[in-house]
Amino acid sequence: MHTSLWDFFIASTLVMASPGTDTALVLSSTLREGLKTAFGVIAGVLIGTFSWGVANSLGLCALLNLYPEAYTPLKWVAAMWLAWLGIKMFLPQDRKLDYESEDSSPKHSQEAGFLAGLKIGAITDLLNPETGIFTLTFFPPFIPAGANPPLYSLMLTFITMGECLVLFTALAFLARPMSGFLKRPDIARYLDWATGVVFLLLCVKLLTGS
């Protein structure tokens with residue numbers, strides 16, 4: 001593997017492993033809903049990562065950096081979505097979005113959980129312009145001279161997607177053994193509140209970040 005690819009692999013792995021919105025989504029969905037929903041969230045995150053990677057390869061992300069009037073509305077939409085995810089954690093159980101179908105069959109419940117996670121993961125990543133700015137600013141230093149920037153950037157996107165898949169899947173499996181204990185009503189309530197605080201803090205960070 002080219003030296004710049006090794007450097008990118010190490011640096012991006014450290015970034016992916018650091019706490020953030022995607023990490024919170026995967027962890028909370030595993031503990032609250034189970035692996036099916038968590039896998040849906042991971043698939044949604046991969047869709048968002050791929051979409052922003054393609055946009056970066058086409059030069060669309062550069063427009064967000066050049067024109068703040070385009071970036072700002074996207075940032076506010078993403079912040080409102082994170083705020084809603086946070087506020088939802090403080091609502092009574094029966095008022096939260098229902099991830100489960102009224103159909104009690106295991107197959108239908110599993111499909112409903114996966115699709116719900118897919119929707120939340122994809123929407124959260126696609127609405128977050130910071131993901132696009134990250135690819136715009138993080139990728140270029142690792143593109144060697146003489147390489148085709150769009151194609152090389154797309155390759156880096158696939159590497160990032162692979163890292164997300166491995167790291168978040170491992171996180172889901174590591175968190176799964178604790179889900180039974182954390183689903184106890186008294187424990188689950190505090191877990192929901194803690195998760196809500198994390199999402200609200202991420203919302204504030206997005207709005208106050210440069």
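Colleague: What share of the 210 residues in the protein is buried?

Modeller: In this predicted model, buried residues make up 44% of the 210 residues. A residue is given that label because its relative accessible area is under 20%.

Colleague: What makes up the fold, and in which order do the elements run?

Modeller: The protein has 10 helices and 0 strands. From the N terminus on, the elements run α-α-α-α-α-α-α-α-α-α.

Colleague: Why is Thr 23 called buried?

Modeller: Its relative accessible area is 18%, and the label requires a value under 20%. Thr 23 is therefore buried. The residue belongs to helix 2, which covers residues 21-32. Setting aside residues up to four places away in sequence, Thr 23 touches Met 16, Ser 18, Phe 168 and Leu 171.

Colleague: How do you know what counts as a salt bridge between Glu 33 and Arg 32?

Modeller: The closest N and O atoms of Glu 33 and Arg 32 are 3.6 Å apart. The rule asks for a side-chain nitrogen of Lys or Arg within 4 Å of a carboxyl oxygen of Asp or Glu, so a distance under that limit qualifies. A search of the whole structure finds 1 salt bridge. As for its surroundings, Arg 32 has a relative accessible area of 16% and is therefore buried.

Colleague: How many disulfides does the rule give?

Modeller: The count comes to 0 disulfides. A pair would need its cysteine sulfur atoms within 2.5 Å.

Colleague: Are Cys 164 and Cys 203 buried or exposed, and why?

Modeller: Cys 164 has 3% relative accessibility, and Cys 203 has a relative accessible area of 9%. The limit for the label is 20%, and values under it count as buried. Both cysteines are therefore buried.

Colleague: How do you know how the span of helix 3 compares with the expected one?

Modeller: Helix 3 runs over residues 35-57 and has 23 residues. From its first C-alpha to its last, helix 3 reaches 33 Å, which is close to the 33 Å expected at 1.5 Å a residue. Just after helix 3, Gly 59 takes a positive phi of about 85°.

Colleague: Why is Thr 37 called buried?

Modeller: Thr 37 is found in helix 3. Its relative accessibility is 3%, and the label applies under 20%. The residue therefore counts as buried. Leaving aside neighbours within four places in sequence, Thr 37 is in contact with Ser 29, Gly 113, Phe 114 and Gly 117. The C-alpha atoms of Thr 37 and Lys 119 are separated by 10.0 Å, although the two residues are 82 apart along the chain.

Colleague: What makes Thr 157 buried?

Modeller: Thr 157 is found in helix 8, residues 149-175. Its relative accessibility is 2%, to be set against the limit of 20%. Thr 157 therefore counts as buried. Beyond neighbours within four places in sequence, Thr 157 is in contact with Thr 49, Phe 50, Gly 53 and Phe 139. The C-alpha atoms of Thr 157 and Thr 49 lie 7.3 Å apart, with their positions 108 residues apart along the chain.

Colleague: Which share of contacts in the protein between residues at least 6 apart in sequence joins residues at least 24 apart?

Modeller: That share is 81%.

Colleague: What makes helix 7 mostly covered?

Modeller: Helix 7 spans residues 129-138, and 7 of its 10 residues are buried. These are Pro 129, Thr 131, Gly 132, Ile 133, Thr 135, Leu 136 and Phe 138.

Colleague: Let us turn to the surface. How much area does the protein expose, and what supplies it?

Modeller: The protein exposes about 11200 Å², and carbon and sulfur atoms supply 71% of that area. A nonpolar surface patch of about 750 Å² is made by Trp 84, Ile 87, Phe 90, Tyr 190, Trp 193, Val 197, Leu 200 and Leu 201. The elements that give two or more residues to this patch are helix 5 (68-88) and helix 10 (185-208). Helix 10 gives the most, with 5 residues.

Colleague: Why can Leu 200 belong to the patch, given its relative accessible area?

Modeller: Leu 200, which has its place in helix 10, has a relative accessible area of 31%. Patch residues must have over 30%, so this value passes the cut-off. Leu 200 is called partly exposed because that label covers values between 20% and 50%.

Terms used:
Residues are numbered from 1 along each chain as its sequence is written. This is a predicted model: local features need pLDDT of at least 70, side-chain atom pairs count only at pLDDT 80 or more; totals for chains, interfaces and linings use all residues. Side-chain values use heavy atoms; hydrogens and water are left out. Helices (H or I, at least four residues) and strands (E, at least two) are DSSP runs, numbered from the N terminus. The expected span of a helix is 1.5 Å times one less than its number of residues. Buried means under 20% relative accessible area, exposed over 50%, partly exposed in between (1.4 Å probe, protein chains only). Patches are made of residues with over 30% relative accessible area and no salt bridge: like charges are joined within 9 Å, nonpolar side chains (Val, Leu, Ile, Met, Phe, Trp, Tyr) within 5 Å. Accessible areas come from the Shrake-Rupley method with a 1.4 Å probe; for residues, only the protein chains shown count as cover. Contact means heavy atoms within 4.5 Å.
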